[in-house]
Amino acid sequence: QSFLHQRHASSQCYRFLTHRSVHKLQETSCIPRLRSTDVFQSHNLLRNYKKDAKSTVEFPLSPITVTDIKQYLRSKDILFHDGYSCLHIPSIFIDAFTRKDSFSLFIDKTTGQFLCKDTLVEGSWEDLQDCLEVMQKDEQDSLSPHVLLGYPESLEEQEETEREQREVREIWSSSLPFTDLHDEEAQLVKAMFRITKISNATLKKFGVRLFKPTKSLVFPWFGGPDSSLKGIKLLSAQRTDGEKVTYHEATLPKCSSYFNLFGLALVSRMDSEVVVTGSELDTLAVSQGTGLPSVALPRGVSCLPPALLPYLEQFKRVTLWLGGDIRSWEASKLFSRKLGLRRCTLVRPGEFQPCPLEALSQGKNLSRIVKASIPAAHKSIVSFKQLREDVYGELVNTDQVAGVKWTRFPELNRILKGHRKGELTVFTGPTGSGKTTFISELALDLCMQGVNTLWGSFEINNVRLAKIMLTQFAMQRLEENLEQYDFWADRFEELPLYFMTFHGQQNIKAVLDTMQHAVYLYDINHVIIDNLQFMMGQENLSVDKFAVQDHIIGVFRKFATNSSCHVTLIIHPRKEEDDRELQTASIFGSAKASQEADNVLILQEKKLVTCPGRRSLQVTKNRFDGDVGIFPLDFIKSSLTFSTPIKGKHKLRKVAAKPENEEEVQGNEVTAKKDEGKKEKATKTAKASQAAKCPANRNNKAK
Ligand SMILES: Nc1ncnc2c1ncn2[C@@H]1O[C@H](COP(=O)(O)OP(=O)(O)OP(=O)(O)O)[C@@H](O)[C@H]1O
């Protein structure tokens, strides 16, 4: 209280302290980014490798609820509209006469973060409270938009921003509108991007141009009160497998500060309906095919940054048509929660409803597809009639339904089939057997494929953990190749990877709040908790220890389901006997708790008689399709990675995993052996190609 009073003693003082409080927030942030990036992002990186580095700054010191926000506003006699994702209040950064009845300041209901659309002033809930207090104290009816001190950019950052802005202007001014191209050339470019059905009029309307030197389409980002050019996205196309086209994109400014809803500049204040797509080309297709306003998400289906929500508040109906695959479908269900379920309808991907661009090329009626979109808010009781399309979707897309495949662990794909959202994986193994090291590689593999990942490492600190992951990423001992550090660190920084800063014993509520917050901000798909024992300390230990553990498992289970987020829990076994293998029962206190887990993985240490000390991974539970099994792991100390042993060298043996189908396990083992040769070859090729890509020294980076 007294601190607050001091803060509000004068505007001058307030400016200084608010500035400091921003830093305080950064210091205490529970989800910091690894390091600020100052590297221009390669034109060839896929969008799902990018992460929103900027938003890690604003972790609230104490979680805020919409009720708290409303109560505070009422206490200050501030009128507000209760919007879908935000509360709308009259902006305090424009004078009372100009603002009239316009409610242009948006407060995020989940985080309290605010944005004034008229002045683009933004800040945390604490910042807004400070501003309101100062206004009241000084009896002012508005504040200068400059009252909030920004987060000062370093000289390097300023230079980088200026360089980017210069580059934006240069590329834009040397790009050509399609109407300036010869017919033949325009057709050729359209054929290359597979957009022959998109008319020149549509391209012109959206201001799409061609940048000839890299044969890229240029999508402009117009924004701010003066609708000036704020950035661009460059899209290049490459034909693979004859007909298939792979797109690569790059943004300026770099992806972490690229917050453009492409198409927004064409939306009028009166529009109440919008179709949200996962790519700029899809937005062109929707606009041309339906005549409806349409916007594209800057990072496609990988995330919907909350910073964009105020721009979507005006729409009473939002149709999410994010693509033609299961990943888009899952993303649309998650994003609709952020946008407010009531107003969202979803286009279910399928044979007759591909992504908008494909639908346009196939001559489908896009308006009809949008009209047939289904409400996102589902009822608690449904009939099979409502479910049949979902069931059909699962049947025709079995591979995608099975989840993201590991690239480094083909044997795990064979047993578990993939990594799926909303599941709970429990992982155990003897003390010091390499649990953290193994899970680190397992999670890294997924993260490298665009699975947004959050680590809760309570036992080892984040620097050590990041060092392990970076070594696994580079697949080599970086201590001996320090000149390559920047090369690998720059690439590692691009991963959608976040760390909680908790260390040691933690209160489970604080951890869950942080996880929830991260899911909202970064669309986290995978949380790893290492390990559960660090959440036990503060619970009431007068009750049975294992009952507490089971309770905590139940809490994480609920979180995984409700947040559609995969949770991997590392747990120490309850007892270890030297000559006995660990089993499912070695972890859980009760049968109920083992029931909660979808997957149970055990790192077995001493099971292969021929090679003591060798680890193997055993899957003892797999709710998805019931397959269980075991496969050996080879540990490469220099890279801290695990890989399948060389064919024929080590004999696989069956363990008492109580497989439902013994024949199946034997079959699995045969397949595993077949895979070994392939894996070895793949590892060698991967290492060779990485070595080829990696520069001999850091000077190359500067070049
Ligand atoms: N398969 C392996 N063979 C030999 N050493 C390994 C293996 N896997 C990991 N290690 C090493 O063993 C040490 C402990 O590994 P790690 O911290 O991953 O184990 P843990 O099971 O998580 O430990 P704890 O039980 O304390 O949580 C590390 O130095 C790691 O590099």
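Is Lys509 buried or exposed in this predicted model? At a relative accessibility of 54%, Lys509 counts as exposed, because that value is over the 50% cut-off for the exposed class. The views below start from this residue.

**View 1. A salt bridge within helix 19, between Lys509 and Asp513.** The side chains of Lys509 and Asp513 meet with an N to O distance of 2.9 Å. Both residues belong to helix 19, which covers residues 508–522. They are 4 residues apart, or about one turn of the helix. Lys509 is exposed, whereas Asp513, at 29% relative accessibility, is partly exposed.

**View 2. A salt bridge between two loops, Asp598 to Arg623.** The closest N and O atoms of Asp598 and Arg623 are 2.8 Å apart. The pair links distant parts of the chain, with the two positions 25 residues apart in numbering. Asp598 sits in the loop between helix 21 (591–596) and strand 21 (599–604). Arg623 sits in the loop between strand 22 (615–622) and strand 23 (629–636). Asp598 has a relative accessible area of 6% and is buried. Arg623, with 38%, is partly exposed.

**View 3. A salt bridge from a loop to helix 10, Lys421 to Glu330.** Here the side chains of Lys421 and Glu330 meet at 3.5 Å, N to O. Lys421 is in the loop between helix 15 (410–416) and strand 16 (424–428), and Glu330 is in helix 10 (residues 326–339), so the salt bridge ties together parts that are 91 residues apart in sequence. Lys421 is partly exposed, with a relative accessibility of 25%. Glu330 is also partly exposed, at 29%.

**View 4. A network of salt bridges made by Lys70, Asp82 and Lys109.** These three residues, Lys70, Asp82 and Lys109, are linked to one another through salt bridges. The structure as a whole holds 22 salt bridges.

**View 5. The ligand and the residues around it.** The shell around the ligand has 14 residues, and those that come nearest are Gly432, Lys435, Thr436, Thr437 and Glu459. Three side chains place an N or O atom beside an oxygen atom of the ligand. For Lys435 the distance is 2.9 Å. For Thr436 the distance is 2.8 Å, and for Glu459 it is 2.9 Å. On its own the ligand has 640 Å² of accessible area, of which the protein covers 71%. Helix 16 (residues 435–447) gives the most to the shell, with 3 residues. Sorted by class, the shell has 7 polar, 4 nonpolar and 3 charged residues.

**View 6. A nonpolar patch on the surface, with Leu395 as one of its members.** Phe384, Leu387, Val391 and Leu395 form this patch. Together the four residues have about 390 Å² of accessible area. Leu395 lies in helix 13, which covers residues 384–396. Its relative accessibility is 61%, so Leu395 counts as exposed.

**View 7. Two cis peptide bonds, Leu252 to Pro253 and Asp530 to Asn531.** Most peptide bonds are trans. The bond from Leu252 to Pro253 is cis, and its omega is near 0°. Pro253 is in the loop between strand 10 (244–252) and strand 11 (273–277). The bond that joins Asp530 and Asn531 is cis as well, with omega about -5°. Asn531 is in the loop between strand 19 (526–530) and helix 20 (545–563).

**View 8. Two residues with a positive phi, Leu120 and Arg194.** Most residues other than glycine have a negative phi. Leu120 is not a glycine, yet its phi is positive, at about 65°. Leu120 lies in the loop between strand 4 (114–116) and strand 5 (122–123). With a relative accessibility of 28%, Leu120 counts as partly exposed. Arg194, which is not a glycine either, has a positive phi of about 55°. The place of Arg194 is the loop between helix 7 (183–193) and helix 8 (200–205). Arg194 has a relative accessible area of 36% and is partly exposed.

Methods. Residues numbered from 1 in each chain as written. Predicted model: local features only at pLDDT ≥ 70, side-chain atom pairs only at ≥ 80, totals over all residues. Heavy atoms only, no water. Patch = residues over 30% accessible without salt bridge, like charges linked within 9 Å, V, L, I, M, F, W, Y side chains within 5 Å. Areas by Shrake-Rupley, 256 points an atom, 1.4 Å probe, with all protein chains shown as cover. Buried < 20%, exposed > 50% of the residue type's maximum accessible area, 1.4 Å probe, protein only. Near = heavy atom within 4 Å. Polar contact = N/O pair within 3.5 Å; in protein donor to acceptor, adjacent residues only side chain to side chain. Nonpolar A, V, L, I, M, F, W, Y, C, P; charged D, E, K, R; others polar.
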